[in-house]
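Colleague: Got a minute? I'd like a quick tour of this one.
Modeller: Sure, let me put it up.

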Amino acid sequence: ILILLGMLKEAARKIKRKYCYKHRFKKKPLAKCYCIDCIHYFKNDGSCSLSGMCRLVPEDWFCKEARPYV
């Protein structure tokens, strides 16, 4: 019974994660802009210069430190 309960719990977790993943862009973002619109985003290589190190980020991400072009 414990094995079956564990399998059901894992299946429910996967279904919830899949639902959240599919609907992640339906809500309004908490940040001011998406990464592609931020002044710290370099479009030629897809990197972000925030926090002193360059890291690759997708253009449809957003973060709380984002600042849009004015």
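Modeller: Start with a term: a nonpolar core is a set of buried Ala, Val, Leu, Ile, Met, Phe, Trp, Tyr and Cys residues joined through side-chain atoms within 4.5 Å. Buried means under 20% relative accessible area, exposed is over 50%, and partly exposed is in between (1.4 Å probe, protein chains only).

Colleague: Which residues make up the largest nonpolar core?
Modeller: There are nine: C33, C35, C38, Y41, C48, L50, V57, C63 and A66. In soluble globular proteins, nonpolar side chains tend to be buried together.

Colleague: Before we go on, what am I looking at?
Modeller: This is a predicted model, where local features need pLDDT of at least 70, side-chain atom pairs count only at pLDDT 80 or more, and totals for chains, interfaces and linings use all residues. Residues are numbered from 1 along each chain as its sequence is written, and side-chain values use heavy atoms, with hydrogens and water left out.

Colleague: What is the mean pLDDT of the protein chain?
Modeller: The mean is 79, and 87% of the residues reach 70 or more. pLDDT is the predictor's confidence in each residue, from 0 to 100.

Colleague: Which element has the lowest mean pLDDT, and which the highest?
Modeller: Strand β3 (residues 55–56) has the lowest, at 76, and α1 has the highest, at 91. Where pLDDT is low, the predicted coordinates should not be read in detail.

Colleague: How many helices and strands are there?
Modeller: One helix and three strands. From the N terminus, the order is α-β-β-β. Both kinds are DSSP runs, numbered from the N terminus: helices are H or I with at least four residues, strands are E with at least two.

Colleague: Tell me about the helix. How many residues has α1?
Modeller: Helix α1 has 21 residues, 2–22. From first C-alpha to last, α1 reaches 30 Å, close to the 30 Å expected. The expected span is 1.5 Å times one less than the number of residues.

Colleague: How many of the residues in α1 are buried?
Modeller: Zero, so α1 is hardly covered. Across the protein chain, buried residues make up 19% of the 70 residues.

Colleague: Where is the salt bridge?
Modeller: The structure holds one, between the side chains of R13 and E10, at 2.6 Å, N to O. The term means a side-chain nitrogen of Lys or Arg within 4 Å of a carboxyl oxygen of Asp or Glu.

Colleague: Why are R13 and E10 separated by about one helical turn?
Modeller: Because they are three residues apart in helix α1. R13 is partly exposed at 48% relative accessibility, and E10 is partly exposed at 32%.

Colleague: Back to the core. What does C33 touch?
Modeller: Leaving aside neighbours within four places in sequence, C33 is in contact with C38, F62, A66, R67 and P68. Contact means heavy atoms within 4.5 Å.

Colleague: And Y34, where is that?
Modeller: Y34 sits in the loop between α1 and β1 (41–42). Y34 and F62 are 28 residues apart in sequence and 4.4 Å apart in space, C-alpha to C-alpha.

Colleague: Last one: which residues does R55 contact?
Modeller: R55 lies in strand β3. Skipping neighbours within four places in sequence, R55 is in contact with G46, S47, C48 and L50.
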